[in-house]
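Me: I should like to learn how to read the features of a protein model. May we go through one together, step by step?

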2 protein chains.
Amino acid sequence: MKDAIVLLSGGLDSATVLYMALESGYRCRCLIFDYGQRHRKEIARARKIAKKAGCAYRVIKLPFPWRASALLDKKADLPSGRSAGDMAGGIPSTYVPLRNTIFLSMASGWAEAIGAEAVFIGANAVDFSGYPDCRGAYFEAFDRLLEKGSKIGAEGRPIKIKAPLLEMKKSEIIASGAALKVPYELTWSCYKGAKAPCGECDACVLREKGFREAGLEDPIMGRRDDKS
Amino acid sequence: MKDAIVLLSGGLDSATVLYMALESGYRCRCLIFDYGQRHRKEIARARKIAKKAGCAYRVIKLPFPWRASALLDKKADLPSGRSAGDMAGGIPSTYVPLRNTIFLSMASGWAEAIGAEAVFIGANAVDFSGYPDCRGAYFEAFDRLLEKGSKIGAEGRPIKIKAPLLEMKKSEIIASGAALKVPYELTWSCYKGAKAPCGECDACVLREKGFREAGLEDPIMGRRDDKS
């Protein structure tokens with residue numbers, strides 16, 4: 001049995017990646033971070049997704065010592081009311097310094113400790129092209145780091161970072177996930193933590209466009225969530 | 001004023017690095033990790049060192065989701081009773097998977113968030129030559145990662161990782177630090193958290209040898225510590 005660590009956020013990308021990893025024959029452990037997000041709904045959703053998939057998971061409390069991101073600062077404005085086309089280019093205010101590096105480091109450490117051979121991440125370079133840590137060159141640099149800076153890397157068996165969604169459009173991600181029966185009804189994308197998705201923030205706009213282009217109905221659209 | 005983040009462990013290497021960074025004109029913020037070490041004495045010492053140096057500091061609680069290291073597992077035997085020569089080569093049981101990568105990621109994220117230009121780490125490749133994440137090639141790979149995976153890297157101003165002790169012998173580190181008036185009486189090296197250093201673990205043996213070869217007296221030798 002091949003083992004993998006899967007970074008799970010509660011959003012639809014990482015949920016899809018989990019099901020892709022399971023489909024590829026990995027036994028998956030999920031790593032969920034409680035890092036001071038604006039709302040806790042996505043953590044609750046990530047737990048539910050891991051349970052639904054029958055996977056072990058850990059929630060790590062990781063308070064960043066800074067607030068330099070609209071995702072962490074409750075007083076900052078979140079990008080909203082834009083079309084998907086407006087989101088391309090530039091680094092968004094939701095960029096969290098070194099977030100993927102921190103998450104991948106922890107996941108790779110866990111992978112090394114248990115002898116897992118891969119770490120999966122739901123990074124995507126298409127929709128938000130501005131995130132520096134969601135590009136192929138970044139993941140290549142991370143692979144190189146693991147070759148040099150880990151025990152199993154030094155032994156010639158480095159952990160592989162897998163970002164299968166990197167070059168996929170949101171509609172392609174959703175179509176692939178639907179075929180794998182990803183429980184999209186459990187995923188949460190909205191930047192806000194209200195009972196229903198706001199429908200206007202960048203994350204809601206991209207999700208709506210993705211389901212529409214995939215020709216599928218979003219199971220959470222129009223539904224209120226009074227539990228998580 | 002140039003800003004830097006300094007990783008501080010409570011040991012003598014990182015304390016020396018802090019004073020080197022201050023000497024080089026950096027305004028330093030110290031980052032201390034509470035990651036499930038066997039004893040809490042080194043965290044208390046790191047706080048004292050930061051205060052003594054007049055630097056702001058943050059202690060981050062970061063429980064690793066694994067116990068694959070003698071430094072984390074209270075039931076594991078710690079390397080002890082060896083001469084310094086026996087310690088060369090091989091990866092020690094005190095290796096913590098990806099520890100430096102995780103620490104440097106957090107420190108670099110903080111550095112990016114506040115606009116600091118450097119992160120200092122007290123890594124050393126001489127005494128424990130087996131740690132994969134204490135080698136020049138590893139730090140080069142980390143620099144490359146920061147070029148590719150951070151906002152300021154993408155803008156052409158990547159954070160620099162500085163490991164000034166990398167190629168220094170313990171006696172050279174101590175001699176340099178003594179000249180900078182590093183408060184070695186506040187530092188703690190012993191793997192055990194007893195009131196006095198055990199004198200037999202690898203860390204004690206290297207410390208004793210370092211002070212002896214530097215021709216200096218270790219201010220903590222033979223002293224009991226009933227406070228921290």
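**Reading the model, feature by feature**

Reply: Let us begin with a single residue: Lys181(B) lies in the loop between helix H6 (170-179) and H7 of chain B. Please keep in mind throughout that this is a predicted model.

Me: Is Lys181(B) buried or exposed?

Reply: One counts the C-beta atoms around the residue; 12 or fewer within 10 Å make a residue exposed. Lys181(B) has 8 other C-beta atoms within 10 Å, and therefore it is exposed.

Me: What is noteworthy about the phi of Lys181(B)?

Reply: Most residues other than glycine have a negative phi. Lys181(B) is not a glycine, yet its phi is positive, about 60°. Leu98(A) likewise has a positive phi of about 60° without being a glycine. Leu98(A) is placed in the loop between S3 and H3 of chain A. Its surroundings may be read by the count used above: Leu98(A) has 31 C-beta neighbours inside 10 Å and so counts as buried.

Me: Where is Arg212(B) placed, and how is its exposure classed?

Reply: Arg212(B) belongs to helix H7 (residues 202-214) of chain B. It counts as partly exposed because it has 14 C-beta neighbours inside 10 Å. Its C-alpha atom is separated by 35 Å from that of Met106(B), and these two residues are 106 residues apart along the chain.

Me: How many helices and strands does chain A have?

Reply: Chain A has seven helices and five strands. Read from the N terminus, their order is β-α-β-α-β-α-β-α-α-β-α-α.

Me: How do the strands S1(A) and S2(A) run relative to each other, parallel or antiparallel?

Reply: A general idea comes first: in a regular strand, the side chains alternate between the two faces of the sheet. Here, strand S1 (residues 2-7) of chain A and S2(A) run parallel and are joined by six bridges. Lys2(A) stands opposite Tyr26(A) in S2(A). From S1(A) the chain passes through helix H1 (residues 12-23) of chain A to S2(A), a right-handed β-α-β crossover. S2(A) also runs parallel to S3(A), again with six bridges, and Arg29(A) stands opposite Ala56(A) in S3(A). Strand S2 (residues 26-34) of chain A is mostly covered, with seven of its nine residues buried.

Me: Which residues have the most contacts inside the largest nonpolar core?

Reply: In soluble globular proteins, nonpolar side chains tend to be buried together. The largest nonpolar core has 122 residues, and those with the most contacts inside it are Val6(A), Leu18(A), Val119(A), Val6(B), Leu18(B) and Val119(B). Beyond its neighbours within four places in sequence, Val6(A) is in contact with residues including Leu18(A), Cys28(A) and Phe120(A). In chain A, buried residues make up 49% of the 228 residues.

Me: What rotation superposes chain A on chain B?

Reply: Two copies of a chain are related by a rotation about an axis and a shift along it. In this model, a rotation of 180° with 0.0 Å of shift along its axis superposes chain A on chain B, with an RMSD of 0.0 Å. That is the relation of a two-fold axis.

Me: How many residues does each chain give to the contact?

Reply: The contact takes 37 residues from chain A and 37 residues from chain B. H3(A) gives the most to the side of chain A that touches chain B, with eleven residues. The residues of that side divide into 23 nonpolar, eight polar and six charged. Of the interface residues of chain A, 100% are also interface residues in chain B, so the copies meet through the same surface.

Notes. Residues are numbered from 1 along each chain as its sequence is written. Chains are lettered from A and ligands numbered from 1 in the order in which they are written. This is a predicted model: local features need pLDDT of at least 70, side-chain atom pairs count only at pLDDT 80 or more; totals for chains, interfaces and linings use all residues. Two residues are in contact if their C-beta atoms, placed from the backbone, lie within 7 Å. Helices (H or I, at least four residues) and strands (E, at least two) are DSSP runs, numbered from the N terminus. Ala, Val, Leu, Ile, Met, Phe, Trp, Tyr, Cys and Pro count as nonpolar, Asp, Glu, Lys and Arg as charged, and the others, Gly among them, as polar. A residue is buried if 20 or more other C-beta atoms lie within 10 Å of its own, exposed if 12 or fewer, and partly exposed in between; C-beta atoms are placed from the backbone. A nonpolar core is a set of buried Ala, Val, Leu, Ile, Met, Phe, Trp, Tyr and Cys residues joined through C-beta atoms within 7 Å. Two strands pair if DSSP finds at least two bridges between them. A crossover is right-handed if, with the strands pointing away from the viewer, the path from the first strand over the helix to the second runs clockwise. Copies are superposed by least squares on the C-alpha atoms of residues with pLDDT of at least 70 in both.
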